[in-house]
Amino acid sequence: MYCTVCGNQNPDDARFCTACGNPQQTETASRGASQASPSASGNPTGQQFTPPFSPLPQGNIPNYLPQAILVTICCCLPAGIVSIVFAAQVNGKIARGDLIGARSSSNNAKTWAWVAFGLGIASGIIFAISSAAGL
């Protein structure tokens, strides 16, 4: 069975999608609530289970590509390039439905952008001090 949200293929007896965590429509749920009994679904209390995590909305995962390009040009080339690589992976992972991987790449792009910014500031301070000291 395929997930109706992200399209990931799941086992036929899966209650939640293995990729995005959304509840899957089972055979008993498709027959209607009046025909399915709580014990038939394996849930004696009749309460609805929630997935262990909530899926991430696709529009809320930034790729930080503009920031990565800016720090690459202005601050620190090596760390900026690493940030660009991670930023470029975000949209592709979202398109494949890998929202966890997209969030990880987004966080890595942001981290490396800050590292590049910090190294640029540090090298600017060191340059200013050495210029003022006449070295």
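Helices and strands are DSSP runs, of at least four residues for a helix and at least two for a strand, numbered from the N terminus.

**Figure 1. Overall architecture of the predicted model.** The structure shown is a predicted model. The protein has four helices and zero strands, and its elements follow the order α-α-α-α from the N terminus. Of its 135 residues, 25% count as buried. Among contacts with a separation of 6 or more, 46% join residues that are 24 or more positions apart. The protein exposes about 8800 Å², of which carbon and sulfur atoms supply 62%.

**Figure 2. The two sides of helix α2.** Helix α2 spans residues 65-74, and within this helix A68, V71 and T72 are buried. These buried residues lie on the same side of α2 because they cover an arc of only 105° around the axis. The other side of α2 carries the exposed residues P66, L70, I73 and C74.

**Figure 3. Cover over the buried residues of α2.** The elements that cover the buried residues of α2 include α3, which comprises residues 77-96, and α4. The residues concerned are A68, V71 and T72.

**Figure 4. A nonpolar patch on the surface.** W114, F117, I121, I125 and I129 make a nonpolar surface patch of about 540 Å². One of these residues, I125, is found in helix α4, which runs over residues 99-133. I125 has a relative accessible area of 47% and is therefore partly exposed. This value lies between the limits of under 20% for buried residues and over 50% for exposed residues. For inclusion in a patch, a residue needs over 30% relative accessible area and no salt bridge.

Notes: Residues numbered from 1 in each chain as written. Predicted model: local features only at pLDDT ≥ 70, side-chain atom pairs only at ≥ 80, totals over all residues. Heavy atoms only, no water. Patch = residues over 30% accessible without salt bridge, like charges linked within 9 Å, V, L, I, M, F, W, Y side chains within 5 Å. Areas by Shrake-Rupley, 256 points an atom, 1.4 Å probe, with all protein chains shown as cover. Salt bridge = Lys/Arg side-chain N within 4 Å of Asp/Glu carboxyl O. Buried < 20%, exposed > 50% of the residue type's maximum accessible area, 1.4 Å probe, protein only. Arc of directions from axis to C-beta. Contact = heavy atoms within 4.5 Å.
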